[in-house]
Amino acid sequence: MNEDTLLSARGLTLHFGKVPALVNVDADLWPGEVLAVVGESGSGKTTLLNVLSGRMRADAGVTWYRDPQSRLHDVHAMPAPALRALHRSDWGFVHQNPRDNLRMSVSAGGNVGERLMAAGQRHYGNIREAAIDWLAQVEIDPARVDDMPRTFSGGMLQRLQIARTLVTHPRLVFMDEPTGGLDVSVQARLLDLIRSLVARLNIAVVLVTHDLAVARLLAHRIMVMQRGVVVETGLTDKVLDDPQHEYTQLLVSSVLQA
């Protein structure tokens with residue numbers, strides 16, 4: 001593992017029965033970098049995200065994480081309590097469906113504050129103040145701090161999930177199709193928000209998306225997957241402007257023809 005790398009995976013392999021989901025996948029992520037994993041449905045990109053984040057175990061291979069003290073951790077060898085603590089502090093996860101990460105029976109401010117409490121904060125006033133501040137940062141009216149998420153639109157729910165995830169200032173965030181299912185105008189606004197927050201907070205991101213336009217806007221580097229295999233990787237603009245693999249060429253041409 002390179003001494004500057006934040007996350008590094010080697011030889012990740014996983015089968016679902018006889019179907020290969022990941023085939024000898026290598027990946028590296030540097031601090032503050034956004035890495036997009038793209039491909040069609042069934043390409044293995046979400047499986048890779050789940051394996052890198054420790055939510056799923058591979059049949060073979062290893063994933064290393066370098067903590068703020070530069071200690072290396074084998075993600076899949078970590079005890080479950082330690083991995084949960086990592087997800088509450090250094091790491092975050094943004095789901096395509098925000099309801100998978102929000103408590104719909106808890107207020108907007110409570111959803112944000114819960115992550116701070118899970119990280120060890122106990123002062124109610126400070127927690128509420130941080131929740132109000134983060135609602136403003138994700139462009140939700142702070143006056144809605146006590147409103148229930150069920151009263152929010154889809155775009156607002158996604159922004160609330162982002163506030164809940166980023167309030168603890170994680171070093172690394174995994175994002176699974178964060179703009180999927182949203183109207184185009186809502187997507188554009190959310191993408192601008194994600195891009196500005198990630199840059200300002202210097203967060204490293206592993207982003208799964210089927211949308212090459214999203215990858216181009218957000219990612220420094222891109223990995224293209226087909227049937228569990230990484231067929232091409234490199235700087236985003238270089239890969240999308242001059243794709244070398246025929247599958248990448250097909251993906252890019254299908255966007256141009258759309």
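**Exercise 1. Decide whether helix 5 is mostly covered or mostly open, and find what surrounds it.**

*Solution.* Helix 5 is mostly covered, with 12 of its 13 residues buried. This is a predicted model.

Step 1. List the buried residues. They are Gly155, Met156, Leu157, Gln158, Arg159, Leu160, Gln161, Ile162, Ala163, Arg164, Thr165 and Leu166.

Step 2. Look for the packing partners. Two strands come up: strand 6 (91-94) and strand 7 (172-176). So do three helices: helix 3 (108-118), helix 4 (124-137) and helix 6 (184-201). The buried residues of helix 5 pack against each of these.

Step 3. Check the span. Helix 5 runs over residues 154-166. From first C-alpha to last it reaches 19 Å, close to the 18 Å expected at 1.5 Å a residue.

**Exercise 2. Explain why alanine 163 counts as buried, and name its contacts away from its sequence neighbours.**

*Solution.* Step 1. Place the residue. Alanine 163 sits in helix 5.

Step 2. Apply the cut-off. Buried means under 20% relative accessible area. Alanine 163 has 0% relative accessibility, so it counts as buried.

Step 3. Set aside neighbours within four places in sequence. Alanine 163 then touches Val112, Trp134 and Val138.

Step 4. Compare sequence with space for one of these partners. Valine 138 lies 25 residues from alanine 163 in sequence. Their C-alpha atoms are 6.4 Å apart.

**Exercise 3. Find which residues touch the most other members of the largest nonpolar core, then follow tryptophan 134.**

*Solution.* Step 1. Start with the core. It has 47 residues. Val112, Trp134, Val138, Leu160 and Ile162 touch the most other members.

Step 2. Follow tryptophan 134. Beyond four places in sequence, its contacts are Val112, Ala163, Leu166, Val167, His169, Leu197 and Leu201.

Step 3. Look for another core. A second, separate one has 29 residues, including Leu6, Ala27, Leu29 and Ala204.

**Exercise 4. Determine how many cavities of 30 Å³ or more the whole structure holds, and describe the lining of the largest cavity.**

*Solution.* Step 1. Count. The search finds 1 cavity of 30 Å³ or more.

Step 2. Give its volume. The largest cavity has about 40 Å³.

Step 3. Name the lining. Leu7, Ser8, Ala9, Ala27, Asp28, Leu29, Leu35, Leu52 and Val206 line the largest cavity.

Step 4. Assign elements. Strand 1 (7-16) and strand 2 (19-29) each give two or more residues to this lining.

Step 5. Sort by type. The lining of the largest cavity has 7 nonpolar residues, 1 polar and 1 charged.

Methods
Residues are numbered from 1 along each chain as its sequence is written. This is a predicted model: local features need pLDDT of at least 70, side-chain atom pairs count only at pLDDT 80 or more; totals for chains, interfaces and linings use all residues. Side-chain values use heavy atoms; hydrogens and water are left out. On a 1 Å grid over the protein atoms alone, a cavity is a set of points where a 1.4 Å probe fits but cannot get out, and a pocket is an open set with protein on both sides within 12 Å along at least five of seven lines; lining residues have an atom within 4 Å of a point. Grid points are joined across faces, edges and corners, and a volume is the space filled by probe spheres set on the points. Helices (H or I, at least four residues) and strands (E, at least two) are DSSP runs, numbered from the N terminus. Ala, Val, Leu, Ile, Met, Phe, Trp, Tyr, Cys and Pro count as nonpolar, Asp, Glu, Lys and Arg as charged, and the others, Gly among them, as polar. The expected span of a helix is 1.5 Å times one less than its number of residues. Buried means under 20% relative accessible area, exposed over 50%, partly exposed in between (1.4 Å probe, protein chains only). Contact means heavy atoms within 4.5 Å. A nonpolar core is a set of buried Ala, Val, Leu, Ile, Met, Phe, Trp, Tyr and Cys residues joined through side-chain atoms within 4.5 Å.
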